[in-house]
Structure formats: structure tokens, C-alpha cells
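Student: I'd like some practice at reading helices and their packing. Could we work through one together?

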Amino acid sequence: MAKLKTGRHTSALKAQRQSVKRNSANTGLKKVVRLAAKEVAKTKTAESVAKASSALDKAAKKGVIHWKSAARKKSRLAKSVNKAESK
């Protein structure tokens, strides 16, 4: 890549492009997780918990959220559904 006249480093420009791309991907994954959690809250079924758990695991695997955060959220979702089913 040719050197820019404005004095900006090409590596900084590339880093900016990468961060925009990664932010977009991460935002999409977080939205999937949020929607799955809302579905669990609405339906309170084991099937919706399985889908939400899968979404959380995928987000944790890709580093979008911390794996312990994913585990905590999965536990709370399952707990809420089990409580609803026991009533």
C-alpha cells in the first residue's frame, strides 16, 4: 500500500477497518443472544432454552461474550423455566 500524504499509518487504517468489521459481527451475535433470551422469557419452554443456550455457547466460542458470562446466563434462563414449570 502506498504511503499516505496526510501522515496516517497504513496499519492504523487497516486496524480501523478490522474494528468496524468485527464490531458489526459482534453486534449481530449479541442481538441473536438477546432475542433468544427474550423468547425464553416469553414462552418459558425447554425448547427455547436449548436455542438460547446454543446462541450463548456460539457467542462465547467466538469471544463475543465471556464463557463464564454465558454460563451464568444459561443457568439463569434454565432456572426461570424450571421455576415456571414447577408451578
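Tutor: Sure, here is a walk through helix geometry, faces, packing and backbone angles, bearing in mind that this is a predicted model.

Student: Let's start with H2. How many residues does helix H2 have, and what should they span?

Tutor: The rule to use is 1.5 Å a residue. Helix H2 covers residues 46–61, so its 16 residues should span 22 Å, and its end C-alpha atoms are 22 Å apart, which agrees.

Student: Which residues of H2 are buried?

Tutor: A general idea helps here: an α-helix has 3.6 residues a turn, so residues three or four places apart point the same way. In H2 the buried set is Ser48, Val49, Ala52, Ser53, Ala55, Leu56, Ala59 and Ala60. Looking down the axis of H2, you find these buried residues within an arc of 165 degrees, so they line one face of the helix. Turned away from that buried side is a face with the exposed residues Ala46, Glu47, Lys51, Lys58 and Lys61.

Student: What covers the buried residues of H2?

Tutor: The cover includes helix H1 (10–43) and helix H3 (67–86). Take Ala55, which sits in H2. Its relative accessible area is 11%, so Ala55 counts as buried. Leaving aside neighbours within four places in sequence, Ala55 is in contact with Val32, Val33 and Ala36. Val32 is 23 residues from Ala55 along the chain, yet their C-alpha atoms are separated by 6.9 Å.

Student: And the core? Which residues have the most contacts inside the largest nonpolar core?

Tutor: In general, nonpolar side chains tend to be buried together in soluble globular proteins. Here the largest nonpolar core has 14 residues, and Val40, Leu56 and Ile65 have the most contacts inside it. H1, H2 and H3 each supply at least two residues of this core, and H2 gives the most, with six. As for Leu56, its contacts, neighbours within four places in sequence aside, are Val33, Ile65, Ala70, Lys73, Lys74 and Leu77.

Student: At what angle do H2 and H3 pack?

Tutor: The angle is about 175 degrees, and the axes are 9 Å apart. Angles over 145 degrees count as roughly antiparallel, and H2 and H3 are therefore roughly antiparallel to each other. Residues of H2 at this meeting include Val49, Ser53, Leu56 and Ala60, while those of H3 include Trp67, Ala70, Leu77 and Val81.

Student: Let me try H3 the same way. What should its 20 residues span, and where do its buried residues lie?

Tutor: At 1.5 Å a residue they should span 28 Å, and the end C-alpha atoms of H3 are 28 Å apart, which agrees. The buried residues of H3 are Ser69, Ala70, Leu77 and Val81. These cover an arc of only 105 degrees around the axis, which puts them on the same side of H3. They pack against H1 and H2, whereas Arg76, Lys79, Lys83 and Ser86 are exposed on the other side of H3.

Student: Last topic, backbone angles. Where is Lys44, and what is its phi?

Tutor: As background, most residues other than glycine have a negative phi. Lys44 lies in the loop between H1 and H2, and its phi is near 55 degrees, a positive value in a residue other than glycine. With a relative accessible area of 32%, Lys44 is partly exposed. Just after H2, Gly63 also takes a positive phi, of about 85 degrees.

Technical notes. Residues are numbered from 1 along each chain as its sequence is written. This is a predicted model: local features need pLDDT of at least 70, side-chain atom pairs count only at pLDDT 80 or more; totals for chains, interfaces and linings use all residues. Side-chain values use heavy atoms; hydrogens and water are left out. Helices (H or I, at least four residues) and strands (E, at least two) are DSSP runs, numbered from the N terminus. The expected span of a helix is 1.5 Å times one less than its number of residues. Buried means under 20% relative accessible area, exposed over 50%, partly exposed in between (1.4 Å probe, protein chains only). The arc is that of the directions from the helix axis to the C-beta atoms. Contact means heavy atoms within 4.5 Å. A nonpolar core is a set of buried Ala, Val, Leu, Ile, Met, Phe, Trp, Tyr and Cys residues joined through side-chain atoms within 4.5 Å. Axes are lines fitted to C-alpha atoms, for helices over the stretch in contact, and angles run from 0 to 180 degrees between N-to-C directions. Angles under 35 degrees count as roughly parallel, over 145 as roughly antiparallel, 65 to 115 as roughly perpendicular and the rest as oblique.
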